[in-house]
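Let's poke at this model by question and answer. Have a look at the sequence and the structure first, then we'll dig in.

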Amino acid sequence: MLGDPRTTRITGDATAAIYRRTEDVEAEQDPERHREGPVAEAYCWSNLTSGNGSRALWLLLLPFMVVNLAHWMRPTARGLSGTVRLYGVVVRLVALSLTVLLTAAVCEVALDLVAWQCAGTAGCADQRSWLGFLSAGQDGWFSQPGRRLSVAALVPVALVGLLWYLSHRTWSAYEAQRPLTWDEPDGPQPDDEEDEPAPPGAPRARPALGRPGFWYGRRLVARLRAAHTAAGFLTVAATVGMAAARHDRTTGGPVPEAIGVLFEATLVLCALVVVAVVCHRGRSERRVDTLLDRAVTTYLPGAALVLLAVAVVYAGWARPGWESSGALPGETAFRVLTLGQGLLVVVLAVVALRLYRSAPESRTTLHGLGGPAVAMLACALGGVMSGGISQRVADWLDGPGTPGMGAGSAIPGPPVLLSWQASVIPVLLLLLIVPLVWLGARTARRARRLGPVVEAEYEEEHPEPGRTGQIARIRAAAALTDSAPGILGLLSGATLFLGAAAVTGSWLTGDVPGLAMDDAAPFVEAFAEAAQATGSWLIGVGVIVLVTCGRRAYRDASTRRTIGILWDVGTFWPRAAHPFAPPCYAERAVPDLSSRMCAWTGRTRGRLVISGHSQGSVLAAAAVWQLPDAARRRVALLTYGSPIERLYGRWFPAYFGPAALYGLHRSVHCWRNLWRATDPIGGPVRIDEGDGPEVDRGPLKDPLVYGRTPELPLPEPVLGHSDYQADPVFAVERAALLERLGPVVPQQTERSTRRAAGGTQGSAGRSSG
């Protein structure tokens with residue numbers, strides 16, 4: 001980043017730190033030596049997203065990360081504070097359903113497929129010696145169904161405990177790190193989660209990302225962690241205890257039926273408490289909220305764990321004659337859970353449309369439906385992962401048979417709904433073929449049309465078709481980013497429709513698709529069987545690929561850095577919806593940057609240019625928003641390859657929409673943004689201030705030279721998203737920003753403190769500061 005092998009860490013630790021060239025460490029004390037140009041500092045935050053090998057396990061938390069993004073994708077609203085809060089409540093309920101779904105999927109594997117079905121079937125248990133002590137044929141103490149379920153419950157309990165531990169550990173490292181606070185008040189503070197405009201002539205309220213408590217989610221994450229942990233334990237308790245309660249009601253026996261009724265009533269009561277805790281946001285962004293909801297965080301997970309222990313004791317009670325047959329009753333639970341997720345997404349879509357219509361912005365993704373579409377995608381990912389695990393384990397336990405197909409199967413297999421959900425995957429892929437082919441054809445046509453434009457731009461007397469076509473194709477491919485919302489909307493809508501069809505089909509027929517279509521036309525029957533087999537294979541392969549990528553990332557640092565690019569966007573936002581999502585690195589990075597800028601400008605009274613590339617530009621903007629007025633007046637902003645409007649402004653309009661970006665432009669001393677037409681990520685910020693200096697400069701020429709020249713005898717590469725600092729425009733614009741900042745201090749002091757932070761970003765996880 002600094003272009004020098006000799007660097008010194010100025011402040012920070014091994015996770016994230018600020019560096020200078022070794023010769024520039026004491027630049028403030030030696031002004032004459034540094035009069036010719038700015039002194040560069042670099043803020044390196046790569047280890048926040050692609051650090052040690054354990055980060056590879058974050059791949060398994062992908063649905064949680066995606067649903068957390070949906071929380072921040074709400075449209076800009078005006079005067080609808082209640083609707084804004086409702087949007088957040090619905091997203092948090094969707095997130096809670098994903099925790100329940102994951103725990104239920106593990107319960108399906110460990111309790112139903114292994115302990116209930118395989119251990120209770122001689123043909124399955126005899127082939128697996130490790131199931132001997134649980135096998136019903138051994139007639140041991142653990143052979144009773146309730147006791148087998150109690151032993152198998154250790155698996156989902158361990159999973160929930162692991163998620164709690166990971167969330168608690170990252171909470172201590174990220175959310176619990178209190179940022180510095182500044183005494184200077186800076187404009188009125190709006191209510192949390194509101195976007196109320198300031199009246200004419202009044203000082204403008206700080207945007208959401210500039211609120212003192214926005215990047216300090218200690219209280220909220222702790223509260224949600226307690227609720228989701230309790231929900232996981234309650235799911236296991238329901239699976240273990242309700243099987244025993246159902247047996248007592250239907251057959252009668254030594255255990256009084258009233259105990260089962262009391263247990264179920266207590267379970268419902270605890271579940272309602274968990275839902276109430278999730279619905280209550282319980283934090284303030286107007287200040288650094290240092291409170292903790294001690295009663296919730298301490299007693300709620302403990303109460304759920306006690307109820308789980310009661311369920312284990314209750315299920316382990318001796319019940320002579322109780323035998324496990326068929327599948328563990330849980331089909332209805334999966335149907336209700338899937339149906340509930342679909343309804344929540346529909347409600348979220350209605351709420352999002354209401355918000356969007358209050359303050360419509362033409363650039364907002366899917367007319368405000370980006371959040372519901374992403375929430376639907378999170379539910380689909382959760383269903384694929386849970387269904388894939390169940391399908392693969394069932395195939396493994398069943399040997400040569402096909403679970404759910406009857407003849408030749410040693411066990412009944414997973415719930416019918418999971419087979420229906422797997423069967424819609426090939427249908428969904430077929431539906432996507434047409435728009436993807438159309439998109440490819442449109443890109444090819446666009447590349448052909450760009451050919452004459454490229455040649456005219458470079459004023460080449462003897463153009464080369466190959467070189468022209470290369471540049472045109474890269475520009476056309478870079479424009480595909482703007483088509484992503486349409487593809488996502490189509491994918492989410494088709495997923496919602498096909499998911500509803502899967503629930504309906506499983507409910508009406510009670511059989512897997514291959515058996516449900518036995519009496520249909522031969523083509524329909526063949527298609528159903530092919531879809532079921534192909535979907536089961538695809539869903540299993542998807543899970544295997546995910547685990548393989550995680551294992552490879554654990555061993556290979558370069559792969560881990562590649563995966564870190566995904567986390568750059570996915571974990572920028574605080575964990576406001578799901579506490580088990582990967583942690584928000586910006587809760588460390590943004591306070592780091594703002595504290596350094598504020599402390600340096602306050603101590604030296606100097607001028608500063610903060611430059612950021614790609615995701616670093618988003619961090620830079622968020623850090624500038626956090627500065628008090630006195631520091632912000634001494635800061636200029638230089639962004640390049642920036643997704644701040646093209647991605648963040650469209651997908652997160654309440655936080656990076658036009659109003660927020662105009663406010664940032666007015667509050668910072670000066671801002672310049674560089675972009676290229678060949679860049680698939682960065683783009684213009686689209687701010688027009690009339691007679692004032694423009695923010696955008698671009699599109700920059702890429703490549704810098706069309707063909708071979710005496711100065712550059714080899715072909716210049718098309719840089720796209722990388723190496724903006726290699727363009728001469730970068731140094732010119734950085735110098736211009738320093739000039740626009742002006743001599744804000746006396747000449748002798750200026751010489752000793754004149755400084756700009758500049759540099760580059762070489763790969764994911766690094767930004768200039």
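Q: Are Y640 and F730 buried or exposed?
A: The scale used here calls a residue buried under 20% relative accessible area, exposed over 50% and partly exposed in between, using a 1.4 Å probe and protein chains only. On that scale, both Y640 and F730 count as buried.

Q: What pLDDT do local features need here?
A: Residue numbers start from 1 along each chain as its sequence is written, and side-chain values use heavy atoms, leaving out hydrogens and water. This is a predicted model, where totals for chains, interfaces and linings use all residues, side-chain atom pairs count only at pLDDT 80 or more, and local features need a pLDDT of at least 70.

Q: How many aromatic pairs does the structure hold?
A: Rings of Phe, Tyr and Trp (its six-membered ring) pair if their centres lie within 6.5 Å; planes under 30 degrees apart are stacked, over 60 edge-to-face, and the rest tilted. By that rule, the aromatic pairs number 25.

Q: What kind of aromatic pair do W573 and F656 form?
A: Their ring centres are 6.0 Å apart. With 80 degrees between the planes, the pair of W573 and F656 is edge-to-face.

Q: How many residues apart are W573 and F656?
A: Helices (H or I, at least four residues) and strands (E, at least two) are DSSP runs numbered from the N terminus. W573 belongs to the loop between α17 (557-570) and α18 (586-604), while F656 is part of helix α22 (residues 653-656). Both are buried, and the pair links distant parts of the chain, 83 residues apart.

Q: What is the angle between the ring planes of Y640 and F730?
A: This pair is edge-to-face too, at 5.0 Å centre to centre. The planes of Y640 and F730 make an angle of 85 degrees.

Q: Which helix holds F730?
A: Y640 is in strand β5, and the pair spans 90 residues of chain. The F730 end sits in helix α24.

Q: Which residues touch the most other members of the largest nonpolar core?
A: A nonpolar core is a set of buried Ala, Val, Leu, Ile, Met, Phe, Trp, Tyr and Cys residues joined through side-chain atoms within 4.5 Å. The largest one has 100 residues, and the members touching the most others are F572, W573 and F656.

Q: Which helix gives this core its largest share?
A: The contribution is nine residues. They come from helix α3 (residues 81-118).

Q: In what order do the four strands of the open sheet lie?
A: Two strands pair if DSSP finds at least two bridges between them. The pairing in this sheet is parallel, and the order is β4-β5-β6-β7.

Q: Why is one side of β4 and of β7 left without a neighbour in the sheet?
A: β4 (608-613) and β7 (696-700) each have a single partner strand. One side of each is free because both stand at the edges.

Q: Which residue in β7 is the bridge partner of R676?
A: Strand β6 (residues 670-676) runs parallel to β7, with three bridges joining them. The bridge partner of R676 is L700.

Q: Over the ring of which residue does the charged end of R676 sit?
A: The test asks for NZ of Lys or CZ of Arg within 6 Å of the ring centre and within 35 degrees of the ring normal. For R676, the distance to the ring centre is 3.9 Å, and the ring belongs to Y724.

Q: Which residue is joined to G698 by a cis peptide bond?
A: Most residues other than glycine have a negative phi, and most peptide bonds are trans. Here omega is about 5 degrees. The partner of G698 lies in strand β7, and its name is P699.

Q: Where is P703, which follows D702 through a cis bond?
A: The D702 to P703 bond has omega near 5 degrees. P703 is placed in the loop between β7 and α24 (728-741).

Q: What is the phi of R686?
A: R686 lies in the loop between β6 and β7. At 48% relative accessibility, R686 is partly exposed. R686 is not a glycine, yet its phi is positive, at about 60 degrees.
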